[in-house]
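Here is a short tour for anyone meeting this structure for the first time. Have a look at it, and then we'll go through it piece by piece.

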Amino acid sequence: MEAPTNLDDAVIKMSCHQHAVNDFDLQLNINDLEIGMLTDHTSSKEVFPYNEARIEELEAKKLKLLLSKRFHQNATNAYWYYVERQGK
């Protein structure tokens, strides 16, 4: 994570990371929708054997998205802290 050079830079960096978090939320929603489309639509939500490999790929993708989202959320919080400390 890059240290901000001043208050304005920190606000911009914080905003950029927050935008990334929002994008990851959209990607996670799309991923969950795709997983749902590959399962049986009865109450059992069974995965058809021919969809198992794709479900595994989507679950791995979900993990990567969540880890990336966590990084950007932590970066947002770090820049927020800088802004709060510098703004006082």
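Let's start with a single residue: Ala20 counts as buried, because its relative accessibility is 18% and the cut-off for buried is under 20%. Keep in mind that this is a predicted model. Ala20 is found in helix H1.

Now for a contrast in that helix. Asp8 also has its place in helix H1, but Asp8 counts as exposed because its relative accessibility is 59%, and exposed means over 50%.

Each of these two residues can be paired with another one, to set sequence distance beside distance in space:

| Pair | Apart in sequence | Apart in space, C-alpha to C-alpha |
|---|---|---|
| Ala20 and Ala3 | 17 residues | 18 Å |
| Asp8 and Ser44 | 36 residues | 52 Å |

Let's zoom out to the whole protein chain. What is it built from, in terms of helices and strands? The protein chain has two helices and zero strands. Its C-alpha trace spans about 55 × 20 × 15 Å along the principal axes. The radius of gyration is 18 Å, whereas a compact globule of 88 residues would come in near 12 Å.

How much of the protein chain counts as buried? The figure is 27% of the 88 residues. As for the outside, the accessible surface comes to about 6,400 Å², and carbon and sulfur atoms hold 57% of that area.

Contacts tell another part of the story. Take those in the protein chain with a separation of 6 or more: 69% of them are between residues 24 or more positions apart.

Next up is the nonpolar core. In soluble globular proteins, nonpolar side chains tend to be buried together. Which residues make up the largest nonpolar core here? There are five of them, namely Ala10, Met14, Ala75, Tyr79 and Val83. Helix H1 (7-37) and helix H2 (52-87) each bring at least two residues to this core, with H2 giving the largest share, three residues.

Met14 is a good one to click on. Leaving aside residues up to four places away in sequence, Met14 touches Thr76, Tyr79 and Trp80. Tyr79 is one of the five core residues, as is Met14 itself.

Last, the charges. The protein chain carries 10 positive and 14 negative charges, and the mean positions of the two sets lie 7 Å apart.

Methods: Residues are numbered from 1 along each chain as its sequence is written. This is a predicted model: local features need pLDDT of at least 70, side-chain atom pairs count only at pLDDT 80 or more; totals for chains, interfaces and linings use all residues. Side-chain values use heavy atoms; hydrogens and water are left out. Helices (H or I, at least four residues) and strands (E, at least two) are DSSP runs, numbered from the N terminus. The radius of gyration is taken over C-alpha atoms; the globule rule is 2.2 Å times the number of residues to the power 0.38. Buried means under 20% relative accessible area, exposed over 50%, partly exposed in between (1.4 Å probe, protein chains only). Contact means heavy atoms within 4.5 Å. Accessible areas come from the Shrake-Rupley method with a 1.4 Å probe; for residues, only the protein chains shown count as cover. Lys and Arg count as positive and Asp and Glu as negative; His and the chain ends are not counted. The place of a charge is taken as NZ of Lys, CZ of Arg, CG of Asp or CD of Glu. A nonpolar core is a set of buried Ala, Val, Leu, Ile, Met, Phe, Trp, Tyr and Cys residues joined through side-chain atoms within 4.5 Å.
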